[in-house]
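Trainee: Got a minute to go through a structure with me? I'd like to start with what counts as a contact.

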Amino acid sequence: MLKFIISIIGIFSINVFAQAAPKNVILLIGDGMGEAEIAATRNYEFDSGPGLFVDTIREKASAIVISKRNDDASLIAFVGDSASGGTALATGILTSVRRISTTAQYGEPIKTIVEEAKENGFKVGLVTTAVITDATPASFAAHVNNRYCMKAGDLSCLPGEKPIIDQMLELDVDVLLGGGHRLLSAIKDTITIEEFAISSDYEVAKDLKGFTRMGHSKNLLGVFSDYHLPRLWQAEDGKVAEKVILSDDGNVIFPKAQQCIVNPSSKDIPTLEMMTKKALNNLSTDNEKGFFLMVEGASIDKAAHDSDICGSMGAMLEFDRTVKLAIEYAKIHENTVVIVTADHGGSTQNIHHPYYENYKRTGENIPGLYELLVTKGGNEMAIYYGTNNASDQVHTGINVPIYSFGLPDDLVFKGTIKQTEIKGTMAKFLFE
Ligand SMILES: [Zn+2]
């Protein structure tokens, strides 16, 4: 009789488990995606009319981004980087720049949502247009004191510290898609990373052909360029924003307005949308528990560092299309939440067009780098980078947007929040 009751309970509980719909979180991070990068892209592509998909998302709030000082973790640093921002999003804990999910000053590892998801039986994926070991994806699946400790032999690795790619594969991250041919030949113990991945049941792809063949029966490790993936767009003249030229009498001669064109070297590389689709397909197959997927549009930030507005806008549009894809997926898959945010602000500014000025511009009142663009609708837009006079811009400490879709009412982000609150919300949805 007792046996009978136990077997009845067993059948009942198995049925309950089988009926619970899997829970999924898709976190999309626009690297360095501040409101200025969003506005410039909207202006260029849609002449400020509605058009960007993110503009149609009704659940929107603002996240405060700060980090800590590494020399004294009790002090605040008001501007972060992708390592501190990624760590805040992955762990809910503030750290200092360049740290990958380790504490400021002391270097203790901090558990990430990807590690928690693995422990709870979820599948996990990391997709990026940067090298797959870059700070944003790394913050979710590794712990190192310096973000540039990516593979064995990197000078930033402390003695005995395990590089990021080794940790990602040992954690058995189900899907890893991005850039990084150079990672594959690094040595892990006695074999290469590529050999280790294959022996750990990963399907490895290095180009578009291999990507197309990737399925859903194995883990995926896809790297499609030597380092970061090429940017989709570049300026017509191939140049980035520059210092303005001065006439003999010291007045500014503004550059000719130009458009953005497709960067030829971005052809034959899977796009962020294609990689995200592949990841969703892989993670959702034969998965009764659910998944956590992080998708990063990395070049919004990489291009802003180079004062390359076309590079940023091409990446922003690709990221926007990927957000649309994720929300369309969530609309037809129960219990799927989409969260869209940035890790930190960038350096882009949208400034007055020269026609507006009622005084002569001289070299002194345009100290930074400047580019004039013709939008798709034929209007001229002036973009300016002023954190540096060389083409090496830094981040800014502004709030970043946070959009969501599918969160239960009591978890929806409202008003102004701290970036460190986001991880707790995702964990609550997935694990409680
Ligand atoms: Zn950056």
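Mentor: Sure. Two residues are in contact if their C-beta atoms, placed from the backbone, lie within 7 Å. Keep in mind that this is a predicted model.

Trainee: OK, so which residues is Phe413 in contact with, leaving aside its neighbours within four places in sequence?

Mentor: Those are Ala61, Ile402 and Ser404. Phe413 itself sits in the loop between strand 20 (400-405) and strand 21 (416-418).

Trainee: How many residues apart along the chain are Phe413 and Ala61?

Mentor: They're 352 residues apart along the chain, yet their C-alpha atoms are separated by 5.9 Å.

Trainee: And is Phe413 buried or exposed?

Mentor: Buried, because it has 20 C-beta neighbours inside 10 Å.

Trainee: New topic: helix 10 and helix 12. At what angle do they pack?

Mentor: About 25 degrees, with their axes 9 Å apart. That angle is why helix 10 counts as roughly parallel to helix 12. Their crossing is right-handed.

Trainee: Which residues meet there?

Mentor: From helix 10, Leu272, Glu273, Thr276, Lys277 and Leu280 meet a set in helix 12 that includes Phe319, Leu325 and Tyr329. By class, that contact has six nonpolar, two polar and four charged residues.

Trainee: Last one, helix 2. Which of its residues are buried?

Mentor: Ala36, Glu37, Ile38, Ala40, Thr41, Arg42, Asn43 and Tyr44. What covers the buried residues of helix 2 includes helix 11, helix 12 and strands 17, 18 and 19.

Trainee: What comes right after helix 2?

Mentor: Asp47, and its phi is positive, near 50 degrees.

Definitions and conventions
Residues numbered from 1 in each chain as written. Predicted model: local features only at pLDDT ≥ 70, side-chain atom pairs only at ≥ 80, totals over all residues. Buried ≥ 20, exposed ≤ 12 C-beta atoms within 10 Å, placed from the backbone. Helix = DSSP H or I, 4+ residues; strand = E, 2+ residues; numbered from the N terminus. Axes fitted to C-alpha atoms, helices over the stretch in contact; angles between N-to-C directions. Parallel < 35°, antiparallel > 145°, perpendicular 65-115°, else oblique. Left-handed = near helix turned anticlockwise from the far one by under 90°. Nonpolar A, V, L, I, M, F, W, Y, C, P; charged D, E, K, R; others polar.
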